[in-house]
Amino acid sequence: MTEWWNSPFFGIAVSILAFWLGIKLKEQLKSTLINPLLIAILLIVGLLSLLKIPYESYNVGGAVINMFLAPATACLAVSVYSKLSILKENWLPIVVGCTVGSLTSMGSVWLLCRLFHLDEAMTASLIPKSITTPIAVEVSSAHGGIVPVTVIAVIFTGILGSILAPFLIRLFRVKDPVAAGLSIGACSHAVGTSRALQLGETEGAMSGLAIGICGIITVLASMVFLH
């Protein structure tokens with residue numbers, strides 16, 4: 001009776017179906033607050049809880065999907081290459097902006113962890129919350145962090161960024177697509193970049209660029225914050 005959910009096809013099929021339902025719900029409600037990824041997570045958690053299916057069984061297929069995470073992130077380099085002229089013209093603001101964004105993210109997490117007296121393991125788990133999952137997992141594990149906590153923090157940050165980014169861009173009247181894209185990528189990595197691509201080609205390219213730069217900066221800066 002339990003063999004069918006131990007198959008990798010179960011995790012893959014459930015993930016695809018849940019995300020598809022999330023997309024359909026967003027299309028029906030036409031609200032920026034409806035995020036397909038968040039809907040998919042809630043549906044999968046609900047299904048596993050209802051049927052009492054162990055996460056390990058679901059993750060047999062989920063791990064297959066995870067294999068595509070790093071290549072999918074690397075594919076963002078295509079959009080960056082298409083905007084190479086903008087990168088050459090704005091390389092200094094781009095590097096400075098990504099550096100400030102990364103240090104602000106890491107510094108705020110470090111201070112809050114100290115304020116709430118969280119231990120070193122939890123601090124190491126939360127520090128890389130604003131970079132893409134493959135890099136965040138490596139940073140967390142290298143410093144004794146709890147990888148599942150890191151993954152949850154990264155996903156939550158990305159979803160929150162993709163929901164709030166358009167509103168904040170309008171609120172602060174950010175007209176420059178380069179600045180808009182960099183800010184989204186620096187704080188909400190690949191999930192936010194998917195939203196940036198909807199705003200415009202330049203925004204998507206700069207957001208994808210920010211993922212790489214912020215990832216490198218976070219790896220280097222984590223040695224200081226988590227020393």
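A residue counts as buried when its relative accessible area is under 20%. The structure examined here is a predicted model.

Two cysteines were considered under this cut-off. Cys214 has a relative accessible area of 1%, so Cys214 is buried. Cys98 is buried as well. Its relative accessible area is 0%.

Disulfides were then searched for. A disulfide is a covalent bond between the sulfur atoms of two cysteines. The search covered the whole structure and found zero. Cys98 and Cys214 show why a pair can fail the test: a disulfide needs sulfur atoms within 2.5 Å, but the sulfur of Cys98 lies 4.1 Å from its closest cysteine sulfur, that of Cys214, which is too far for a bond. Seen from the other side, the nearest cysteine sulfur to Cys214 is that of Cys98. Cys214 is therefore in no disulfide.

Aromatic rings were examined next. One aromatic pair was found in the whole structure. Its members are Tyr55 and Tyr58, with ring centres 6.1 Å apart. Their planes meet at 50°, so the pair is tilted. Both residues belong to helix α3, which covers residues 55-66. They sit three residues apart, about one turn of the helix. Tyr58 has a relative accessibility of 11% and thus counts as buried.

Helix α12 was checked for length and bending. The helix runs over residues 201-225 and holds 25 residues. At 1.5 Å a residue, α12 should span 36 Å. The C-alpha atoms at its ends are 35 Å apart, which agrees. A kink of about 25° is also present in α12, centred on Val219.

Notes. Residues are numbered from 1 along each chain as its sequence is written. This is a predicted model: local features need pLDDT of at least 70, side-chain atom pairs count only at pLDDT 80 or more; totals for chains, interfaces and linings use all residues. Side-chain values use heavy atoms; hydrogens and water are left out. Buried means under 20% relative accessible area, exposed over 50%, partly exposed in between (1.4 Å probe, protein chains only). Rings of Phe, Tyr and Trp (its six-membered ring) pair if their centres lie within 6.5 Å; planes under 30 degrees apart count as stacked, over 60 as edge-to-face and the rest as tilted. Helices (H or I, at least four residues) and strands (E, at least two) are DSSP runs, numbered from the N terminus. The expected span of a helix is 1.5 Å times one less than its number of residues. The bend at a residue is the angle between axes fitted to the seven residues ending there and the seven starting there.
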